[in-house]
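Me: Could you walk me through this structure with a few questions and answers? I am new to it.

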Amino acid sequence: MIAEIGLAALWLAAALAALQLFAGVLALRQNQDEDGELARLVRPAAMVQALLASLAFLMLMWCFAITDLSVKLVAANSHSLKPILYKVTGTWGNHEGSMLLWVAVMAMSGGLIGWLEKRLPVRTMQATLATQGFVALGFYAFLLLSSNPFERLPIPAPEGQGLNPLLQDIGLALHPPTLYIGYVGLSVAFSFAIGALLTRNVTPEFARVMRPWVLGAWVFLTLGITAGSYWAYYELGWGGWWFWDPVENASLMPWLAATALLHSTSVLAARDALRTWTIMLGVVAFSMSMLGTFLVRSGVLTSVHAFAVDPERGSFILALLAIYIGGSLAIFALRAGTVAEGKRFAMTSREGALVFNNVMLSAILGIVLLGTLYPLLTEAFDIRVSVGPPYFNPVSAIFAVPMFLVMAAGPLMRWREDKPARIQLELAIVGAIILGVLAVVAVLGDYSILAILGLALSAGLAIASFMPLRGRKLARVPLATWGMVLAHFGVAVSLFGMASESAFTTERLSAVTAGESQQVAGWNITLESVDPIAGPNWTAMEARVIAQRGKGEASVMVPQARNFWAPAQATSESALLTRWDGQLYAVIGDSAGVDANGNQRWQLRVWWKPFVTFIWYGGLLIALGGALAIIGRVSTDLKRRRAVLRGTEKRAEAEQLKMEKIDGYGTF
Amino acid sequence: MRALSIALLAAVLAPLAMLGVPLTAQDSLPPAPYAYTQLEDPALEAQAVELMATLRCLTCQSQNIHDSDAPMAGDMRHQVRSRLAAGEEPEAIRQWLIVRYGDYVSYQPEVSSTTWPLFLVPAIIFGFGLLLLFRRLGRKRSDGEGTDRAPTSEESA
Amino acid sequence: MRWTLWIPLGLFVFFLGVAGYQLTQPKDDQIPSAMVEKALPEFELPAAVETMPGASRANFIGGKPKLLNIWASWCLPCIAEAKQLEVLEGQGVEIIGVAIRDKPEDVANFLERYGNPYTRIGKDDISSLMLEIGASGVPETYVIDAEGVIRYQHIGDIRLEHIPLLLEELKKAET
């Protein structure tokens with residue numbers, strides 16, 4: 001019954017999405033206002049749809065929680081012996097469930113907008129909700145027609161097939177939904193952008209309404225990428241944290257677009273400039289999240305990954321992609337010319353810096369997109385090429401280096417027009433720091449140019465990110481400004497971690513017997529013992545490694561080399577030792593034969609990675625900055641709204657009393 | 001691998017195929033001498049690491065040979081290290097592999113008849129970006145893009 | 001209306017075309033060797049089992065075109081293709097084997113259980129020959145002509161339907 005309730009709720013939600021779309025479109029066509037018969041349906045449709053989609057998702061979660069093995073999805077992906085936590089998180093640990101989570105979150109956002117958002121003109125809201133309904137309808141169709149999560153088995157399975165302890169990892173359970181929420185946030189921003197474009201209402205007010213969604217999406221994407229990178233770092237056993245792998249790029253591209261969108265939205269909200277550009281980025285950001293989904297799930301690019309390749313699924317997502325992205329790009333091309341570009345500004349102004357960095361971010365996005373898709377293109381001609389870090393790193397740096405420089409200076413500048421002379425002291429300080437670090441690092445050692453540049457820029461940027469606070473009363477600095485400062489500082493921290501890791505990492509590969517010691521970067525590493533241990537469905541060789549830094553206290557690390565038998569697979573469980581200035585990373589490998597005395601020798605890999613943790617601390621700081629900005633922006637907007645409301649009320653009273661015109665209120 | 005991957009496909013970021021090495025086709029011989037042993041000379045070893053990080057493991061495919069436990073990757077590391085130790089230049093070793101496996105084996109695309117767009121397009125993006133910036137940020141503030149301008153009071157005071 | 005506004009749509013349509021085409025293509029994960037039509041590199045491998053001689057480039061020169069079969073006793077598809085190799089041998093094809101990362105006793109066991117179609121088997125413990133000829137896995141089979149030029153590469157195990165194909169390639173290599 002549970003599965004059937006879920007399926008029914010899903011169908012009803014789809015019907016409501018269709019209603020939301022058609023009522024919205026007809027209302028727009030007939031030029032109805034909020035009280036029109038059809039127009040009145042749009043908001044309730046969005047709200048009820050949210051309830052139904054959430055209900056469908058909860059029903060699926062229930063099926064997983066009680067391990068209902070007559071449901072095909074549960075039988076394929078769960079197991080009655082799994083801990084309850086992983087039974088529940090298993091709901092979205094598969095294609096169908098994750099798509100259902102996606103539409104549920106999307107419907108909830110739509111419901112939230114329909115319920116609360118009253119700032120925009122009626123027509124724009126109708127168009128936005130209609131777009132939202134249109135996007136949702138495609139995903140419902142995808143779920144119901146090609147990936148039904150509630151499908152029953154003719155005969156219930158005796159036991160599920162999903163007892164894979166590899167997947168029972170809390171990071172892995174929480175990381176995908178984080179990214180989905182980010183993607184959904186971008187789809188909301190997309191709906192707003194299309195709504196505003198269709199009704200020719202690209203205004204600062206529109207930007208303010210859209211901004212929390214963009215910020216929210218951006219925060220979640222940042223968290224998702226940060227977590228995913230750390231997961232790859234500790235799980236893969238070689239200490240790499242970013243591989244420019246297609247699947248990683250698929251999550252980076254929406255983030256780059258969202259970062260650009262976020263900043264151009266700020267310009268639009270504050271200065272009523274960059275209207276077309278903001279709309280374009282809104283479309284691009286959502287396109288990138290759809291494209292990423294397509295690349296990951298269709299298998300066109302990931303022949304190298306063993307993802308579930310399903311041509312039907314791929315075709316469906318590609319069709320959705322064609323409709324939404326193709327449609328919105330066509331609307332953009334037709335309508336963008338009619339949207340006034342907005343206010344002008346000088347090159348040396350806050351807007352100028354933001355525009356510059358927007359162009360740089362878009363260029364980096366273009367490079368990543370090109371490098372990711374290029375192998376797909378050549379494969380059509382039966383030529384196979386590889387595009388990896390040696391391409392992505394330098395080519396994106398061409399745009400990233402100027403971007404970081406402008407990022408240091410931009411927040412110090414005034415809106416509209418500024419004279420560089422006004423902030424020359426600040427610029428001189430930052431410039432001196434960058435050049436100083438550059439010189440020192442270049443003299444000290446033989447490091448790659450990119451690492452040296454990264455170190456220098458991160459130092460300059462770290463100082464510069466706090467300069468906007470100079471001369472201000474800290475208690476009175478708006479929360480959104482704190483958010484910006486923290487996020488920019490986070491970028492500097494992360495950049496420092498990346499550069500430091502790539503410049504200063506020391507690697508020690510060795511074959512050692514128990515009791516033998518190795519030196520790596522001031523650490524004394526002793527392999528104490530290697531013993532077999534057994535887990536639920538694996539056996540492992542577990543090493544006890546004693547790590548001692550100089551004369552400091554000794555710590556024990558226990559890396560494992562695990563062999564799973566279902567599915568048969570070998571993994572390395574790395575052991576990490578975190579210090580404030582870096583991480584020691586140890587992996588035990590295979591047996592390496594015996595030494596001259598007949599003692600067993602083991603492959604031991606140890607890395608000392610100075611400040612590598614800063615990469616992820618930086619990511620967290622960026623996300624925190626984004627969260628602060630949301631709180632700041634939303635509360636300011638609410639205050640403003642109350643003030644306007646009070647203004648209107650007063651005006652109404654005054655009109656009633658004196659029947660005379662009062663001006664000055666509500667015209668911010 | 002398949003079951004794992006289906007269940008994991010939701011993990012958009014995770015480079016899954018790298019997660020582990022399937023055991024179905026494993027041999028029992030110890031790895032090649034230089035597969036897990038560094039070169040004595042730190043400068044040569046640094047060159048080796050730099051090169052290995054840009055060569056593609058052919059059996060695991062989505063990993064470079066420096067970061068892989070696959071036996072074939074170990075044998076490729078052995079080739080790289082022993083050739084470097086014998087005095088070959090890193091780029092010569094890369095070329096040696098490209099002659100045998102085509103561009104696929106190297107993560108570092110070189111300008112050739114099949115890869116020129118990878119270098120032309122960034123140049124175009126660069127030019128386009130400059131053009132865009134000049135048009136938007138041109139010194140004459142009132143020099144707008146005709147059709148883009150609102151007819152009424154858009155000009156900032 | 002400015003034409004530049006249509007650029008994004010144009011690029012997107014181009015992507016749709018390529019992606020759509022790729023979706024219809026069967027997935028091909030093979031990495032072909034770039035050494036086909038080039039001379040077999042010089043190599044000299046010791047014997048993989050005591051009872052048989054090792055293999056070198058010189059063994060391919062002269063006479064009829066031969067097959068070079070790269071395999072290993074630990075590789076499952078190699079068991080599957082053993083029968084087809086015997087058929088080829090029965091048709092008078094000379095097959096020279098190279099065992100990858102293998103122990104002599106394992107090789108001997110394999111030959112005993114699944115048959116021995118080889119005239120020689122070289123022993124390659126560090127995949128050196130694989131890397132020399134651009135092979136990316138086991139098993140792979142190469143047609144080498146009497147001049148020592150690689151004429152054809154077969155990736156994966158040889159199935160029944162591949163036998164005529166290989167025979168034809170061997171014939172082509174005679175000229």
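Me: What percentage of the residues of chain A count as buried?
Reply: This is a predicted model, so the count rests on predicted coordinates. A residue is buried if 20 or more other C-beta atoms lie within 10 Å of its own. Among the 668 residues of chain A, the share that meets this is 55%.

Me: Which radius of gyration does chain A have, and why does it agree with a compact globule?
Reply: A compact globule with 668 residues would come out near 26 Å. The value for chain A agrees with that, because its radius of gyration is 28 Å.

Me: Roughly what box do the C-alpha atoms of chain A fill?
Reply: The box is taken along the principal axes. Within chain A there are 17 helices and 10 strands. The C-alpha atoms of the chain fill roughly 105 × 75 × 55 Å.

Me: Of the contacts in chain A between residues at least 6 apart in sequence, what share joins residues at least 24 apart?
Reply: Here we leave out pairs that are less than 6 apart in sequence. Of the contacts that remain in chain A, the share joining residues at least 24 apart is 74%.

Me: How many residues are in the largest nonpolar core, and how many in a second, separate one?
Reply: In the largest core, Ala258(A) is one of the residues that touch the most other members. Leaving aside residues up to four places away in sequence, Ala258(A) touches Leu186(A), Val214(A), Ala217(A), Trp218(A), Leu221(A) and Ala285(A). The second core includes Ala540(A) and Tyr585(A). The largest core has 255 residues, and the second has 23.

Me: How far apart are the centres of the two domains of chain B?
Reply: Domain 1 of chain B covers 29-105 and domain 2 covers 111-141. Taken over C-alpha atoms, their centres are separated by 36 Å.

Me: Where in chain B is confidence lowest, and where is it highest?
Reply: Chain B averages a pLDDT of 73, and 68% of the residues score at least 70. The low end is a mean of 32 and the high end is 93. Where pLDDT is low, the predicted coordinates should not be read in detail. Confidence is lowest in helix H1 (residues 2-8) of chain B and highest in helix H4 (residues 90-101) of chain B.

Me: On the side of chain C that touches chain B, which helix gives the most residues?
Reply: The contact takes 21 residues from chain C and 21 residues from chain B. By class, the chain C side has 10 nonpolar, 5 polar and 6 charged residues. The element that gives the most to this side, with 3 residues, is helix H4 (residues 128-133) of chain C.

Key:
Residues are numbered from 1 along each chain as its sequence is written. Chains are lettered from A and ligands numbered from 1 in the order in which they are written. This is a predicted model: local features need pLDDT of at least 70, side-chain atom pairs count only at pLDDT 80 or more; totals for chains, interfaces and linings use all residues. A nonpolar core is a set of buried Ala, Val, Leu, Ile, Met, Phe, Trp, Tyr and Cys residues joined through C-beta atoms within 7 Å. A residue is buried if 20 or more other C-beta atoms lie within 10 Å of its own, exposed if 12 or fewer, and partly exposed in between; C-beta atoms are placed from the backbone. Two residues are in contact if their C-beta atoms, placed from the backbone, lie within 7 Å. Domain bounds come from an automatic or database domain assignment. Helices (H or I, at least four residues) and strands (E, at least two) are DSSP runs, numbered from the N terminus. The radius of gyration is taken over C-alpha atoms; the globule rule is 2.2 Å times the number of residues to the power 0.38. pLDDT is the predictor's confidence in each residue, from 0 to 100. Ala, Val, Leu, Ile, Met, Phe, Trp, Tyr, Cys and Pro count as nonpolar, Asp, Glu, Lys and Arg as charged, and the others, Gly among them, as polar.
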